[in-house]
Amino acid sequence: MNKVVEANILAPVADEVAAKADVVLIGYAGGGIRNIFANKPLKNLADLKGLKVRVQGAPIWSKTFAAVGMSPTVIAYNEIYNAIQNGVISAGENEAAGVEAMKFYEVAPHLNLTQHAVSIRPICFSVKTLKTLPKDLQDAIMKAGKEAGDYGRQLESSEEVVKLDTLEKAGKLKRVPFEERDAMKKLADPVMATYAKEIGAEGIFEKINVV
């Protein structure tokens, strides 16, 4: 993620946002890694087959999880805990902060390290407001945005490890290494490539894969 941001590969996305929403992306925070939390350990693709897992509402999430062999289900975020508890689903996916805050470990104590996504959090500023400022202040805001993004990624990444260490030491969850991440990615890549083509982002997708 850091390499993608530093290489300015997301510039076309920023340009489109600026043109359509009149918002400039001045930095990219984030860095939280998403894993699958479940009521059972999941070590390989065979374990994932048919897994009833909650995903976000955007269709690309359902398509990628289905391509890997899971059975994705769209459920409201605040209903995940009860859905696992009642057997409607067996798993969900999120970063460490979400697992901790929502106490998902109480019903799904196995954190399976699929590392299937990394969150990115754009820092936004109004184009209209930016244009009203003198050049030196515009430059200062752009510089501050980049620095804030860099700091945000470093902070979120480091805090994630601390949160998981603390939860595991307290016996609240167990991290489960996932043995077939590369194979999982190969199954998902064609879906991602098709989606990139649909939204005109083939170039960005190719550059990200190279990095």
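**Close-up views of a predicted model**

**View 1. The largest nonpolar core of the predicted model.** Of the 18 residues that make up this core, I36, L48, L51, V53, F65, V68 and M70 touch the most other members. Two or more residues of the core come from each of strand 1, helix 3 (45–48), strand 2 (52–55), helix 4 and helix 9. A second core, separate from this one, has 16 residues, among them A83, I84, V99 and V107. In soluble globular proteins, nonpolar side chains tend to be buried together.

**View 2. The surroundings of L51, a member of the largest nonpolar core.** When residues up to four places away in sequence are not counted, L51 touches I36, K40, L42, G69, M70, S71, P72, S90 and A91. Of these contacts, I36 and M70 are listed with L51 among the core residues that touch the most other members.

**View 3. N39 in the loop between strand 1 and helix 3.** N39 has a relative accessible area of 36% and is therefore classed as partly exposed, the range between 20% and 50%. Apart from its neighbours within four places in sequence, N39 is in contact with I84, S90, V107, A108, P109 and H110. Two of these contacts, I84 and V107, belong to the second nonpolar core. V17 lies 22 residues from N39 along the chain, and the C-alpha atoms of the two residues are separated by 39 Å.

**View 4. E95 in the loop between strand 4 (91–94) and helix 6 (96–101).** Because its relative accessible area is 9%, under the 20% limit, E95 counts as buried. The side chain of E95 is joined to that of R34 by a polar contact of 3.5 Å. Leaving aside neighbours within four places in sequence, the residues in contact with E95 are G32, I33, R34, S119, R121, E156 and E160.

**View 5. P59 in helix 4.** With a relative accessibility of 56%, over the 50% limit, P59 is therefore exposed. P177 is 118 residues away along the chain, and its C-alpha atom is separated from that of P59 by 27 Å. Helix 4, in which P59 is found, supplies at least two residues to the lining of the largest pocket and gives two or more to the largest nonpolar core.

**View 6. The largest pocket and its lining.** The volume of this pocket is about 1,900 Å³. Its lining comprises 44 residues, with H116, A117, V118, M192 and I208 lying nearest the centre. At least two lining residues are supplied by each of helix 1 (2–6), helix 2 (11–21), strand 1 (23–38), helix 4 (59–67), strand 5 (110–126), helix 9 (181–198) and helix 10 (202–210). Helix 9 provides the largest share, eight residues. By residue class, the lining divides into 30 nonpolar, eight polar and six charged residues.

**View 7. The second largest pocket and its lining.** This pocket has a volume of about 320 Å³. It is lined by 18 residues, of which V5, N8, L25, I26 and Y28 lie nearest its centre. Helix 1, helix 2, strand 1 and helix 8 (135–169) are the elements that give two or more residues to this lining. Its residues are divided into 10 nonpolar, three polar and five charged. Helix 1, helix 2 and strand 1 also supply at least two residues each to the lining of the largest pocket.

Methods
Residues are numbered from 1 along each chain as its sequence is written. This is a predicted model: local features need pLDDT of at least 70, side-chain atom pairs count only at pLDDT 80 or more; totals for chains, interfaces and linings use all residues. Side-chain values use heavy atoms; hydrogens and water are left out. On a 1 Å grid over the protein atoms alone, a cavity is a set of points where a 1.4 Å probe fits but cannot get out, and a pocket is an open set with protein on both sides within 12 Å along at least five of seven lines; lining residues have an atom within 4 Å of a point. Grid points are joined across faces, edges and corners, and a volume is the space filled by probe spheres set on the points. Helices (H or I, at least four residues) and strands (E, at least two) are DSSP runs, numbered from the N terminus. Ala, Val, Leu, Ile, Met, Phe, Trp, Tyr, Cys and Pro count as nonpolar, Asp, Glu, Lys and Arg as charged, and the others, Gly among them, as polar. Buried means under 20% relative accessible area, exposed over 50%, partly exposed in between (1.4 Å probe, protein chains only). A polar contact is a pair of N or O atoms within 3.5 Å; within protein, one must be able to donate a hydrogen and the other to accept it, and residues adjacent in sequence count only if both atoms are side-chain atoms. Contact means heavy atoms within 4.5 Å. A nonpolar core is a set of buried Ala, Val, Leu, Ile, Met, Phe, Trp, Tyr and Cys residues joined through side-chain atoms within 4.5 Å.
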